[in-house]
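Trainee: I would like a close look at the backbone in the loops and turns. Where does it depart from the usual geometry, and what lies on either side?

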Amino acid sequence: MTTLRAVIDLDVEGPQISKHLYGHFAEHLGRCIYGGFYVGEDSEIPNEGGIRLDVVEALRALNIPNLRWPGGCFADEYHWMDGIGPKEDRPRMVNTHWGDVEENNHFGTHEFMALCELLGADPYVNGNVGSGTVKEMSDWVEYLTRDGDSPMARLRRENGREEPWNVPFWGIGNEPWGCGGSMSAEHYAEEARRYATYCRNHGDNTLYRIAAGASNDDYHWTEQLMKALNCLGCQHDPKNIFQAITFHYYTVPGEWKEKGSATDFDADEYYATMVKAQRVDELIAGHSAVMDCYDPRKKVGLILDEWGTWFDVEPGTNPGFLYQQNTMRDALVASLHFDIFHGHAERLVMANIAQTVNVLQAMILTDESTGDLVLTPTYHVFEMNKGHQDATSLAVHLLGEDGEIEVDGARLRRVSSSASVSGDTALVSLSNLHLTEPTDVTLDLRGRAVTEAAARVLAPSDPAAHNVPGQASAVSPRELEVGPVVDGHLTVTLPPHSFATVSLELSAG
Ligand code: AHR
């Protein structure tokens with residue numbers, strides 16, 4: 001059996017892992033909002049103001065830190081004023097990006113803010129640059145966040161909300177190189193400055209303005225945005241125009257035309273998926289390197305506000321709804337991403353999985369006709385990893401032979417790991433990416449005494465295992481036996497294609 005040693009210095013603390021790396025994304029796409037989060041007030045499914053309460057309860061257990069809305073591509077054809085006021089009076093529109101279906105605008109600004117309040121999550125509102133105006137975006141900020149007397153604050157009050165909301169995160173368009181307006185990087189960089197200028201801070205609400213960034217490895221795009229910030233000049237100016245830049249990266253095992261099945265995959269497709277997922281490391285490093293040239297003090301944040309697996313849709317479902325199943329393979333894509341995110345915590349300040357309910361790599365799959373709800377394997381990774389949120393990162397040095405698997409000329413780490421400490425508790429995450437072989441990992445824990453250890457594992461025998469109504473716990477965490485801690489050493493056996501977390505109680509540091 002392959003044995004690896006994971007050396008962790010418990011007293012050598014790295015950067016803080018922002019809780020916002022565990023962020024979420026909900027778009028008006030397929031059954032994410034309608035039928036997922038929102039079933040309407042008349043539904044027999046228990047709801048508050050139309051918001052499905054079992055979905056809220058499940059997500060609250062993840063401590064979800066923020067929720068991005070209303071898109072995605074939808075954001076750039078969304079006109080927020082259509083989504084306020086009495087529901088029966090709200091204008092309708094066609095959701096041209098996603099299924100060409102009619103959108104009734106019943107889920108709008110007030111409903112989204114109510115959802116965030118129920119979840120205890122910070123709102124991340126994505127404004128419309130592609131088909132909107134500067135005034136429209138500026139008015140939306142005023143409507144949401146302005147206290148006192150003003151046209152938009154009065155309109156909000158007329159619609160039943162007296163107090164302004166707190167909105168920390170504001171997106172300036174989405175994928176402007178594609179569905180968000182087909183712009184060049186140079187053109188969008190100018191637009192982002194212009195729009196951001198008029199997204200005002202009202203009262204105590206300070207916006208963290210987020211410029212829409214690159215696809216994958218389009219480093220040119222990132223460079224144009226950094227130039228637009230004129231960062232070397234503005235490092236000493238806290239009022240720089242936007243505070244963060246995004247990029248998007250999806251794990252697609254095949255090609256866009258034939259992405260591959262979510263549940264029916266062989267060993268080659270499994271490993272291809274892992275290699276594609278691992279690539280996010282190179283991409284974060286690449287965008288960070290460009291940003292370092294203009295912003296060596298790392299004042300500007302990098303955000304990956306769309307990530308996750310993207311497979312062919314579930315057979316028989318609307319191709320525009322992006323509904324896919326979620327297996328243990330997805331869970332490992334998620335755990336691998338988190339290890340990589342933690343390693344880039346100094347520059348990467350937020351990440352949002354696409355998407356939370358019923359779309360792409362979801363946490364939750366629902367059926368509004370039966371009322372069923374299942375938690376996916378990916379959900380369990382978020383839950384098992386939640387101790388990393390806002391904790392301090394610790395470096396994990398994995399040593400030993402056979403630490404890599406060769407996949408078609410690429411090198412895949414056999415075990416992926418990351419760790420963090422928060423007070424007298426440490427959390428170590430371990431993913432055995434080997435499809436068929438177990439791996440022993442000996443944690444070599446230095447710098448602080450470990451008084452107690454416990455572990456959990458997500459390890460179905462079939463990597464394609466997934467949860468469905470009636471078998472909702474086919475993939476769910478169970479206790480994992482850990483050996484005794486002897487002189488700071490502790491060994492865990494990771495089953496093939498498994499994800500484990502080890503919690504350590506430390507003597508007072
Ligand atoms: O998440 C689905 C879509 O993927 C988003 O709307 C878009 O931003 C991206 O291309």
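Mentor: Helices (H or I, at least four residues) and strands (E, at least two) are DSSP runs, numbered from the N terminus. The model is predicted, with local features needing pLDDT of at least 70 and side-chain atom pairs 80 or more, while totals for chains, interfaces and linings use all residues. Residues count from 1 along each chain as its sequence is written, and side-chain values use heavy atoms, without hydrogens and water.

Most peptide bonds are trans, and most residues other than glycine have a negative phi. Start with the loop that joins β5 (66–69) to β6 (93–95), where Pro70 lies. The bond leading from Trp69 into Pro70 is cis, and its omega is near 5 degrees.

A further cis bond does not involve proline: Ala354 to Gln355, with omega near -10 degrees. Gln355 belongs to the loop between β13 (348–354) and β14.

That loop leads on to a hairpin made by β14 and β15, which have four residues between them. β14 covers residues 364–367 and β15 covers residues 372–375; the two strands pair in the antiparallel sense (pairing requires that DSSP finds at least two bridges), here over four bridges. Ile364 has Leu375, in β15, as its bridge partner. In the turn, Gly371 has a positive phi, about 85 degrees.

Lys298 also has a positive phi, near 55 degrees, and is not a glycine. Lys298 sits in the loop between α8 (267–294) and β12 (301–309).

The backbone also takes part in holding the ligand. A polar backbone atom of Cys73 is 2.9 Å from an oxygen atom of the ligand, a polar contact (a pair of N or O atoms within 3.5 Å). Side chains add to this: polar side-chain atoms lie 2.7 Å from a ligand oxygen in Glu27 and 2.8 Å from a ligand oxygen in Tyr250. Altogether 14 residues surround the ligand (a heavy atom within 4 Å), and the closest include Glu175 and Glu306.

Terms used:
A polar contact is a pair of N or O atoms within 3.5 Å; within protein, one must be able to donate a hydrogen and the other to accept it, and residues adjacent in sequence count only if both atoms are side-chain atoms.
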